[in-house]
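Trainee: I would like to check the terms before I rely on them. Please show me the model.
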Amino acid sequence: MNIVCLLQVLFWTSLTTLSLAFGQATVPEEEILKLILGNYNDKARPGTVTTPTVIVDHTLSLLRIVEFGPKTLTAEVWQALHWKDPRLTWTPRSYHGLQSLSIPADSVWLPDVVLYNNGGSEQGQISKVRATVYYHGMVYLVIPSRIVSYCESSTPNDQGDVTCQWKFGSWTNNGLKVNLTNSRPPDVSNYEVNSAVDVLKVDSTRNEIFYECCPEPYPDITYKLTLKRKG
């Protein structure tokens, strides 16, 4: 063992001994939470003066088709989002090498990404969902959701296929404040086969819409499902 490693071991051993001597063990996660959340305001969007746009990546995993009715499509999915919050950073070597934390999602700022063609969706309660925060400020969030979307299935094409769409976007922010990206195609590796409907294809696209009222772009991520009834 070289002298540098030996000194590091002696330092942390002495620190632990002192903490125990005063009846208190060192808890790195607690110290990090004090650092990053002590004066944190979860209502403030994490855009900075030099980087005013918060880039939020939105991807989706399809788990199962619950119901394919004449007017709506019900499915269970995992929504995966990640973004950077520069307020949630620390130096791992100062906290026993800890590089990430799992914390209640509602304790930090969350992007207001919603399903535009919502027909009665149920999203996992954010108060019960946990986000993973890394020392460099990246926040990763997976939300279990039951999506109910409007989809007209009574008029299939000549092959009997029906196309349904899920359109996600920020409810209150334009693309200069919250810019949506889609880093990978939809994941169907955990999809459970449905006895009544086949999923022929699932893909995604990023779109930008400009309105006459406003010069700012309004991005969305649209997932397109091609379905076909069995039998």
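Mentor: What follows takes the terms one by one. This is a predicted model, where local features need pLDDT of at least 70, side-chain atom pairs count only at pLDDT 80 or more, and totals for chains, interfaces and linings use all residues. Residues are numbered from 1 along each chain as its sequence is written, and side-chain values use heavy atoms, with hydrogens and water left out.

Trainee: What makes a run of residues a helix or a strand, and how many are there in the protein?
Mentor: Both are DSSP runs, numbered from the N terminus: helices are H or I with at least four residues, strands E with at least two. The protein has two helices and eleven strands. From the N terminus, the order is α-α-β-β-β-β-β-β-β-β-β-β-β.

Trainee: Which elements have the lowest and the highest mean pLDDT?
Mentor: pLDDT is the predictor's confidence in each residue, from 0 to 100. On that scale, helix α1 (residues 3-21) has the lowest mean, 51, and strand β9 (residues 178-181) the highest, 98. The protein averages 89.

Trainee: How do you know that β4 and β8 pair?
Mentor: Two strands pair if DSSP finds at least two bridges between them. Three bridges join β4 to β8 (residues 161-170), therefore the two strands count as paired, and they run antiparallel. V114 has G169 in β8 as its bridge partner.

Trainee: What is the order of the open sheet of four strands?
Mentor: The order is β4-β8-β11-β10, with antiparallel pairing.

Trainee: Why is one side of β4 and of β10 left without a neighbour in the sheet?
Mentor: β4 (113-115) and β10 (197-209) stand at the edges, each with a single partner strand, so one side of each has no neighbour in the sheet.
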